[in-house]
Amino acid sequence: MAGQHLEAPDPPVLRPVSRWPVVVLIVGLSLALALVILGADLAGRPVESPPIGTPGVVASPRVVTIIMRDYKFDPTPLYLYPGETVRLNVVNAGMVEHELVLGDPAVQAAWAAADAGATPPAPFTTAPPASAPADTGGLRVLLESGGSASVLYVVPEGGELLLICHLAGHAERGMVGQVVRVER
């Protein structure tokens, strides 16, 4: 190899590095953070139910939407006329299963006992379904995360009405709604 002359390769051409990926990443993260902060701020505020016009009747029930979130009900307070018929549109916007039990203290006690009896005995075991006696009365809606249901409900004329989720630990974490009876 004597006598061969090797030329050095041309030095690589250095091009400036684009900063656009970094700018896009920073803007995207800033937007995501702003949305999280806005969502957290809105999630902490109670949602008032809209003004009540006229009571619902069987032929034309008043529509009331209740959103179950993780450990709270929206709206609260829930305004109902004694004796009216409402169509309750219930949505579980929480990350876990929730229930809505609407009724007097006896209804609440029956479902609290039923849910306590249906609590799984150990982690990762299947619990038996909760059931209360057929004559319990009131209303119970049980929904998985993301689930929804629409039910007709006739508001009792008298007595105290309570709104509670009796699944293990939910009421203790604040999943209790206020019900206000509106006089006509």
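Here is a walk through the fold, from the overall layout down to a few side chains. Keep in mind that the model is a predicted one.

Let's start with the inventory. The protein has 2 helices and 10 strands. Follow the chain from its start and you meet them in the order α-β-β-β-β-β-α-β-β-β-β-β. Of the 184 residues, 28% are buried. The accessible surface is about 11900 Å², and carbon and sulfur atoms account for 65% of that area. As for how the chain meets itself, take the contacts between residues at least 6 apart in sequence: 75% of them join residues at least 24 apart.

Now find the open sheet of 4 strands. Its order is β2-β1-β4-β7, and the pairing is mixed. The edges belong to β2 (72-74) and β7 (148-154); each has a single partner strand, so one side of each has no neighbour in the sheet. Going from one strand to the next, the twist averages 25 degrees.

Inside that sheet, look at β1 and β4. Strand β1 covers residues 62-69 and β4 covers residues 85-92; the two run parallel and are joined by 7 bridges. If you want a landmark for this pairing, Thr 65 stands opposite Asn 89 in β4.

Two more residues of β4 are worth a stop. The first stop is Thr 85, which sits in strand β4. Is Thr 85 buried or exposed? Its relative accessible area is 6%, and buried means under 20%, so Thr 85 counts as buried. Leaving aside residues up to four places away in sequence, Thr 85 touches Gly 56, Val 57, Val 58, Pro 61 and Arg 62, and also Leu 152, Tyr 153 and Val 154.

The next stop is Arg 87, also placed in strand β4. With a relative accessible area of 30%, Arg 87 is partly exposed. Which residues does Arg 87 touch, not counting those up to four places away in sequence? They are Pro 61, Arg 62, Val 63 and Val 64, together with Ser 150, Val 151 and Leu 152. Val 64 is a nice one to check on screen: Arg 87 and Val 64 are 23 residues apart in sequence, yet their C-alpha atoms are 6.0 Å apart in space.

On to the charged pairs. The count of salt bridges comes to 4. One of them links the side chains of Arg 69 and Asp 74, at 2.6 Å from N to O. What about the accessibility of these two partners? Arg 69 is partly exposed, at 29% relative accessible area, whereas Asp 74 is buried, at 4%.

Another salt bridge pairs Glu 99 with Arg 140, and here the closest N and O atoms are 2.5 Å apart. Glu 99 lies in strand β5 (residues 98-103) and Arg 140 in strand β6 (residues 139-143), so this pair ties together parts that are 41 residues apart in sequence. Glu 99 is buried, with a relative accessible area of 0%, while Arg 140 is partly exposed at 23%.

Arg 140 also forms a salt bridge with Asp 115, where the closest N and O atoms are 3.3 Å apart. Why does this pair tie together parts that are 25 residues apart in sequence? Because Asp 115 lies in helix α2 (residues 105-117), whereas Arg 140 lies in strand β6. Asp 115 counts as buried, at 4% relative accessibility. Put the two pairs together and you get one network of Glu 99, Asp 115 and Arg 140, joined by salt bridges that share partners.

To finish, turn to the surface. Which residues make the nonpolar patch of about 430 Å²? The patch is made by Trp 20, Val 23, Val 24 and Val 27. Val 23 is found in helix α1, which covers residues 20-43. At 37% relative accessibility, Val 23 counts as partly exposed. A patch residue needs over 30% relative accessible area, so Val 23, at 37%, is past that cut-off.

Notes. Residues numbered from 1 in each chain as written. Predicted model: local features only at pLDDT ≥ 70, side-chain atom pairs only at ≥ 80, totals over all residues. Heavy atoms only, no water. Buried < 20%, exposed > 50% of the residue type's maximum accessible area, 1.4 Å probe, protein only. Contact = heavy atoms within 4.5 Å. Areas by Shrake-Rupley, 256 points an atom, 1.4 Å probe, with all protein chains shown as cover. Pairing = 2+ DSSP bridges. Axes fitted to C-alpha atoms, helices over the stretch in contact; angles between N-to-C directions. Patch = residues over 30% accessible without salt bridge, like charges linked within 9 Å, V, L, I, M, F, W, Y side chains within 5 Å.
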